[in-house]
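Visitor: Please take me through the salt bridges closely. Then set them in the context of the chain.

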Amino acid sequence: RFDGRALTETRDLFSMDGSGTSRIAFGRDGTLFMTTTGVGGNDAQDPTKVSGKVLRFRDDGSIPPDNPFVGKAAARAEVWDYGLRNPWRFWIDPVTGDLYVGDAGEGDREEIDYVEGNRRGLNFGWPCFEGSIALPATQSCADPVAPVYEYDHGGGRCAVIGGVVVHDPRLPALDGRYLFGDYCDGKLLSMLARRRDASRLLVLG
């Protein structure tokens with residue numbers, strides 16, 4: 001039975017943190033993941049805030065005991081990953097369990113973050129980094145994970161929109177490829193993130 005108490009508490013924190021939910025999806029293990037925006041300040045690095053995070057709940061709304069911050073002082077137990085700016089869309093591959101996050105940048109960089117097997121407790125680096133570009137920050141970002149792919153705003157691009165991994169027998173040439181686009185240029189691209197080979201990028205239209 002879904003009672004949603006932890007989710008309701010987290011929703012109430014959104015208004016306090018100035019955050020919002022980007023997407024909600026189930027993982028391979030049946031737990032519920034959501035991403036939250038962390039656009040301003042250093043909240044994305046603060047484990048007591050829900051802003052700029054990947055959050056994880058059980059399907060009844062409670063918090064799984066294996067979340068990385070469970071039992072730690074001065075931290076929200078629902079936090080799974082942190083250090084995101086505007087993770088407009090994320091995807092958990094139903095076949096591999098890998099996590100993909102399209103994180104929209106602030107200035108001139110867009111990034112796609114990738115976590116093989118959706119390992120927990122990772123720091124994606126905002127606001128110390130935008131993509132791989134170091135930014136002035138008022139606090140440090142411990143062990144930031146570099147994006148698997150990033151791009152600038154050349155050619156009229158403005159904001160990454162991710163994305164899904166294709167597993168469709170009708171599209172064998174795209175099997176296992178991550179599809180994503182940009183809000184402004186309207187192009188559809190794909191890549192094989194599992195090989196961390198962003199150079200094999202394909203423009204589909």
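Guide: The salt bridges come first, then the rest of the chain.

This is a predicted model: local features need pLDDT of at least 70, side-chain atom pairs count only at pLDDT 80 or more, and totals for chains, interfaces and linings use all residues. Residues are numbered from 1 along each chain as its sequence is written, and side-chain values use heavy atoms, with hydrogens and water left out.

Side chains of opposite charge can pair when their charged atoms come close. The rule here is a side-chain nitrogen of Lys or Arg within 4 Å of a carboxyl oxygen of Asp or Glu. It gives 6 salt bridges.

Take E78 and R76. Their side chains form a salt bridge at 2.9 Å, N to O. Burial is judged by relative accessible area: under 20% is buried, over 50% is exposed, and in between is partly exposed (1.4 Å probe, protein chains only). E78 has 2% relative accessibility, so it counts as buried. R76 has 22%, so it is partly exposed.

Next, R109 and E150. This salt bridge also has an N to O distance of 2.9 Å. R109 sits in the loop between β6 and β7 (110–115), and E150 in strand β10 (residues 149–151), so the pair ties together parts that are 41 residues apart in sequence. Strands and helices are DSSP runs, numbered from the N terminus: E for strands (at least two residues), H or I for helices (at least four).

R170 pairs with D168. Their closest N and O atoms are 2.9 Å apart. R170 has a relative accessible area of 70%, so it is exposed. Elsewhere, D29, R56 and D66 are linked in a network of salt bridges.

Now the surroundings. The chain has 1 helix and 14 strands. Of its 205 residues, 49% are buried. Contact means heavy atoms within 4.5 Å. Among contacts between residues at least 6 apart in sequence, 49% join residues at least 24 apart.

The interior holds nonpolar cores. Such a core is a set of buried Ala, Val, Leu, Ile, Met, Phe, Trp, Tyr and Cys residues joined through side-chain atoms within 4.5 Å. The largest has 13 residues, of which I112, V148, Y149, Y178, F180 and M191 touch the most other members. At least two residues of this core come from each of β7, β10, β11 (160–165), β12 (178–182) and β13. A second, separate core has 12 residues, including F33, W80, V101 and L122.

β13 (residues 188–192) also holds L188. L188 has a relative accessible area of 36%, so it is partly exposed. With L202 and L204, L188 forms a nonpolar surface patch of about 220 Å² accessible area. Patch members have over 30% relative accessible area and no salt bridge; like charges are joined within 9 Å, nonpolar side chains (Val, Leu, Ile, Met, Phe, Trp, Tyr) within 5 Å. Accessible areas come from the Shrake-Rupley method with a 1.4 Å probe; for residues, only the protein chains shown count as cover. The chain's accessible surface comes to about 9700 Å², with 52% belonging to carbon and sulfur atoms.

Last, a hairpin. Strands β5 (residues 87–92) and β6 (residues 99–103) run antiparallel, joined by 5 bridges. Two strands pair if DSSP finds at least two bridges between them. I92 stands opposite L99 in β6. The hairpin has 6 residues between its strands, and G97 in the turn has a positive phi of about 80°.
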